[in-house]
Amino acid sequence: MHRKNYSGGTMDFVEAAISGATYPDPGTRPLFAAPEVSEITIAGSTNALCFSDLSMEFNSNVRGIECIGTLGFKEQVLGRFEAMLRGTAYFVSNDLLDYLVSQDVFAATVTIDDSTGNKYEFEFPRCRMTSGGAVAGGTNQDVVSNVTIQALYQPVTATTVRITRTQVA
């Protein structure tokens with residue numbers, strides 16, 4: 001498939017799988033339920049933080065160019081891939097705030113598995129804390145930290161996020 005790009009040239013999109021790669025059957029049972037999140041690792045510390053919610057956001061930033069006289073998009077422009085982790089963690093130490101202040105790079109991993117051993121592992125090899133802070137609502141309320149973590153491109157592995165699926169036969 002050829003599409004014109006913004007500079008007037010053409011881009012090729014590959015519809016086929018990666019040469020030599022094997023893909024197990026995706027199955028029919030969904031695997032994304034809260035009790036199935038078995039491990040959250042931030043900067044090498046596994047489950048040291050207690051998250052009350054966590055979301056992973058992936059955005060390709062593909063934009064459609066609309067022009068008068070065309071029905072739909074005249075062309076699509078490829079954007080920069082972005083991956084974010086957003087969540088609320090119970091405040092147990094200054095570690096997350098220290099990452100926000102220092103802007104140090106760290107790794108993060110989220111593992112989701114079920115009781116039969118089927119598993120997805122989301123590895124974010126380079127991350128940076130982009131927002132956060134302690135929120136103290138008042139008397140008799142827990143202190144939490146609302147955090148946003150941006151995954152950065154890892155040039156060694158040429159990835160921003162690596163998703164590994166393990167399926168029990």
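1. Rings of Phe, Tyr and Trp are taken to pair if their centres lie within 6.5 Å, and planes under 30 degrees apart count as stacked, over 60 as edge-to-face and the rest as tilted. On that basis a search of the whole structure, which is a predicted model, finds 5 aromatic pairs. One of them joins Phe58 and Phe122, whose ring centres lie 6.4 Å apart with the planes at 25°, so the pair is stacked. This pair links distant parts of the chain, since Phe58 belongs to strand β5 (residues 51-59) and Phe122 to strand β10 (residues 119-131), 64 residues apart.

2. The two partners of that stacked pair should be read with their surroundings in mind. Phe58 has 37% relative accessibility and therefore counts as partly exposed, whereas Phe122, at 5%, counts as buried. A further aromatic pair, formed by Tyr99 and Phe106, is tilted, with 4.6 Å from centre to centre and 50° between the planes. Tyr99 counts as partly exposed at 22% relative accessibility, while Phe106 is buried, with a relative accessible area of 4%.

3. Phe58 and Phe122 also belong to one aromatic cluster, in which they are joined by Phe81, Tyr120 and Phe124. Phe58 and Phe81 appear again, this time with Ile163, in a nonpolar patch on the surface, and the three residues together have about 280 Å² of accessible area. Ile163 lies in strand β13 (residues 162-166) and, at 48% relative accessibility, counts as partly exposed because the exposed class begins over 50%.

4. Strand β10 deserves a point of its own, as several pairings involve it. With strand β9 (residues 106-113), β10 pairs in the antiparallel sense over 7 bridges, and Ala108 stands opposite Phe124 of β10. The hairpin of β9 and β10 has 5 residues between the strands, and there Gly117 takes a positive phi near 100°.

5. β10 is also joined to β13 by 5 bridges, the two strands running antiparallel, and Phe122 stands opposite Ile163 of β13. With β12, β10 pairs in the antiparallel sense over 4 bridges, and in this case Cys127 is found opposite Ala151 of β12.

6. Which residues does Thr160 touch, leaving aside those up to four places away in sequence? The contacts are Phe81, Ala83, Glu123, Phe124, Pro125, Ala151, Leu152 and Tyr153. Thr160 is placed in the loop between β12 (143-151) and β13, and at 12% relative accessibility this loop residue counts as buried, because the class covers values under 20%.

7. Two asparagines may merit a look at the backbone, and both are in loops. Asn61, in the loop between β5 and β6 (63-66), has a phi near 55°, a positive value in a residue other than glycine. Asn140, in the loop between β11 (134-136) and β12, likewise has a positive phi, near 65°, and is also a residue other than glycine. Asn61 is partly exposed, with a relative accessible area of 23%, whereas Asn140, at 79% relative accessibility, counts as exposed.

Notes. Residues are numbered from 1 along each chain as its sequence is written. This is a predicted model: local features need pLDDT of at least 70, side-chain atom pairs count only at pLDDT 80 or more; totals for chains, interfaces and linings use all residues. Side-chain values use heavy atoms; hydrogens and water are left out. Patches are made of residues with over 30% relative accessible area and no salt bridge: like charges are joined within 9 Å, nonpolar side chains (Val, Leu, Ile, Met, Phe, Trp, Tyr) within 5 Å. Accessible areas come from the Shrake-Rupley method with a 1.4 Å probe; for residues, only the protein chains shown count as cover. A salt bridge is a side-chain nitrogen of Lys or Arg within 4 Å of a carboxyl oxygen of Asp or Glu. Buried means under 20% relative accessible area, exposed over 50%, partly exposed in between (1.4 Å probe, protein chains only). Contact means heavy atoms within 4.5 Å. Rings of Phe, Tyr and Trp (its six-membered ring) pair if their centres lie within 6.5 Å; planes under 30 degrees apart count as stacked, over 60 as edge-to-face and the rest as tilted. Two strands pair if DSSP finds at least two bridges between them.
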